[in-house]
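Please look through the structure shown here slowly, one part at a time, and keep the sequence at hand as you read.

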Amino acid sequence: MTEYASKRIESPVGPLLLVASGNSLVAILWKDEKPGRVPLTGRSDSRPQISDPGHPILLETQRQLEEYFAGRRQVFTVKLSFLGTDFQQRVWNALLTIPYGETRSYAQLAAQIGQPRAVRAVGAANGSNPLSIIVPCHRVVGSTGKLTGFAGGLEAKAYLLALESSPGACLTNDTPAAVAPQRHLSAIVSLT
């Protein structure tokens with residue numbers, strides 16, 4: 001059985017559970033994570049059992065996420081390990097090619113991996129992305145530009161897209177995360 005190290009951090013989109021295995025980040029889990037969405041332990045709750053807040057990969061991930069939320073980082077360099085099928089890994093690698101501040105539709109992503117008819121399968125793989133934010137599944141929207149499903153919730157997705165559409169615009173200490181995305185929603189829709 002694989003051993004996992006985990007560390008809980010606070011973020012503008014809510015608490016996140018960072019999970020590492022060895023020298024790689026394997027998951028970023030949300031507060032209200034659906035059981036089994038990211039199967040890590042073989043248990044129904046899919047939560048790693050070892051807390052190791054001093055693990056070097058977790059500390060580096062926390063640092064890079066803090067820089068991202070502060071508008072100082074657009075590309076993550078922490079080492080990643082994908083735990084999924086070959087198809088899922090192709091989709092997740094394609095997500096990594098979506099530039100900061102841009103969006104793609106599920107159809108565009110399906111075409112990019114050479115399977116233009118696999119739009120629903122791409123959507124399912126996107127929904128199973130274990131490395132939210134760093135592997136930017138939030139940058140995938142419906143073909144009309146509408147925000148669609150996201151493991152962290154649509155409010156978190158809107159926040160991330162707003163953050164990327166105008167760096168620093170939603171980062172004042174007195175602006176709650178719930179308000180910031182609504183302020184920039186028109187900018188998000190115009191990205192598509």
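In this predicted model, strands β2 and β3 form a hairpin in which two residues lie between them, and Gly22, which sits in the turn, has a positive phi of about 65°. The two strands run antiparallel and are joined by six bridges, and if you follow the pairing you will find Leu16 opposite Trp30 of β3. Strand β3, covering residues 24–30, is largely enclosed by the rest of the structure, because seven of its seven residues are buried.

A helix can be examined in a similar way. Helix α5, which has twelve residues (154–165), reaches 16 Å from its first C-alpha to its last, close to the 16 Å expected at 1.5 Å a residue. Nine of its twelve residues are buried, so α5 is largely enclosed by the rest of the structure; among them are Lys157, Tyr159 and Glu164.

Turn next to the aromatic rings, of which the structure holds five pairs. One of these joins Tyr68 and Phe69, an edge-to-face pair with 5.2 Å centre to centre and 70° between the planes. Tyr68 also pairs with Tyr100, and because their ring centres are 6.3 Å apart and their planes stand at 85°, this pair is edge-to-face. It links distant parts of the chain, since Tyr68 belongs to helix α1 (residues 56–69) whereas Tyr100 lies in the loop between α2 and β4, 32 residues apart.

How accessible are these residues? Tyr68 is buried, with a relative accessible area of 0%, while Phe69 counts as buried at 6% and Tyr100 counts as buried at 15%. Ring pairs link Tyr68, Phe69, Phe76 and Tyr100 into a cluster.

Note on methods. Residues are numbered from 1 along each chain as its sequence is written. This is a predicted model: local features need pLDDT of at least 70, side-chain atom pairs count only at pLDDT 80 or more; totals for chains, interfaces and linings use all residues. Side-chain values use heavy atoms; hydrogens and water are left out. Helices (H or I, at least four residues) and strands (E, at least two) are DSSP runs, numbered from the N terminus. The expected span of a helix is 1.5 Å times one less than its number of residues. Buried means under 20% relative accessible area, exposed over 50%, partly exposed in between (1.4 Å probe, protein chains only). Two strands pair if DSSP finds at least two bridges between them. Rings of Phe, Tyr and Trp (its six-membered ring) pair if their centres lie within 6.5 Å; planes under 30 degrees apart count as stacked, over 60 as edge-to-face and the rest as tilted.
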